[in-house]
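This report is meant for a reader who has not met this structure before. Please look over the sequence and the model before reading on.

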Amino acid sequence: MTAMIDMHTHWKPGEIADALRARSKEPRILRNQDGAEVLKSRMGEEPLAGAFDDVDSHLGRMDRQGVEISVLSVLGSFCWIEAQPAEESGLLCRRVNDRFSAICQAHPHRFAAFAALPLTDLSAAAAELERALGLPGIIGAQLPGNFFLTRDDAEATRRLLEVANRHSAVLLIHHGPRPGDAFPKVASDTDNARRRNGTLDMQASLSSVMVTLCLTDLLGSYPDVTVVVHNLGGNIPFEVERMDHRSLLDTPQEELPSSRFRKAKVYVDCNSFGPRAIEAAVALYGAERIVCGTDGTAFGVDWTRKALADAQIGEAAREQILHRNAAAMLARVGGMVEREKVAA
């Protein structure tokens, strides 16, 4: 079984427990009617003993399922730390990033991590990214997709892109709000709210992110940044034929979108998708632009392995997606995987 490098492993950091106790809205820690502390979120209540991730348990699961390296990032429901006032957010993000680095140092070649950033002050966020990239194991940062819905939206990220470019860092662009954005878009009392938010809106938003990253000149000034968008880059592999058709009708003098997506240096991960979607993504982007992502769950690993096993893409492409693309990516950042091992 080919060892997997999981570039999309969300983590629930216990280091912010005290901050969760001070909150008055979800997610927060409170005492239930029995007097026991629980983590309360939109999903309900969870006993505190199981509310945060544990390194030893995670390593055990990695070993059982053939995951060589997990690249950690803060779980979406915990990303509220990035949207607090700058002074508070900066402290919480530093605490999480320092812990991520400590995990990486304690378990060489098993973990890497994306930094959390205080996004209410982008100058402070750039400073924290600069600091975090000096920590062992930190390879870049996770950024919310709403920063990249349009070219104009993305202008705000210039400082972050400059820092990442200088360090040849990796940016994981993950569906999510900027500080102050209404989120989720669909109210919980709407029919099929989870399907609408967790699939329809997410995938449409990621498609917009890919249009910004691949069909504008935004990344042209940052050739050394590696960008990864999750969930196969939204619906682009299924929408690109219509984009090409409209382009031939509306702007026949322009290069076809399919060609521009194929030439772009943006990576996508195969989190949560099945074999047919992976086949479509390989046909559009090429296998060399796809990495593994599982959300960091046992179910996600099993789902992804089966999807890749069933996809009719050939063994060489499977090996690229499971391991080689991510190994080369980590080596470029400078230290997680030896260059000799990548070349072997």
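The text below covers a strand, a helix and the cysteines of this predicted model.

**Strand β1**

Strand β1 spans residues 4–11, and 8 of its 8 residues are buried. Its partner is strand β5, made up of residues 67–74. The two strands run parallel and are joined by 6 bridges. Within this pairing, T9 of β1 lies opposite L72 of β5.

**Helix α10**

Helix α10 covers residues 275–285 and is mostly covered, with 8 of its 11 residues buried. The buried residues are P275, A277, I278, A280, A281, V282, L284 and Y285. Directly after the helix comes G286, which has a positive phi of about 95 degrees.

**Cysteines**

How many disulfides does the structure hold? The count is 0. A disulfide is a covalent bond between the sulfur atoms of two cysteines. The table lists two cysteines, each with the cysteine whose sulfur is nearest.

| Cysteine | Nearest cysteine sulfur | Distance |
|---|---|---|
| C79 | that of C93 | 8.6 Å |
| C270 | that of C292 | 4.4 Å |

C79 is in no disulfide, and C270 is in none either. For C270, the nearest cysteine sulfur is 4.4 Å away, while a disulfide calls for a pair of cysteine sulfur atoms within 2.5 Å.

Is C270 buried or exposed? C270 counts as buried because its relative accessibility is 0%, and buried means under 20%.

Definitions and conventions. Residues are numbered from 1 along each chain as its sequence is written. This is a predicted model: local features need pLDDT of at least 70, side-chain atom pairs count only at pLDDT 80 or more; totals for chains, interfaces and linings use all residues. Side-chain values use heavy atoms; hydrogens and water are left out. Buried means under 20% relative accessible area, exposed over 50%, partly exposed in between (1.4 Å probe, protein chains only). Helices (H or I, at least four residues) and strands (E, at least two) are DSSP runs, numbered from the N terminus. Two strands pair if DSSP finds at least two bridges between them.
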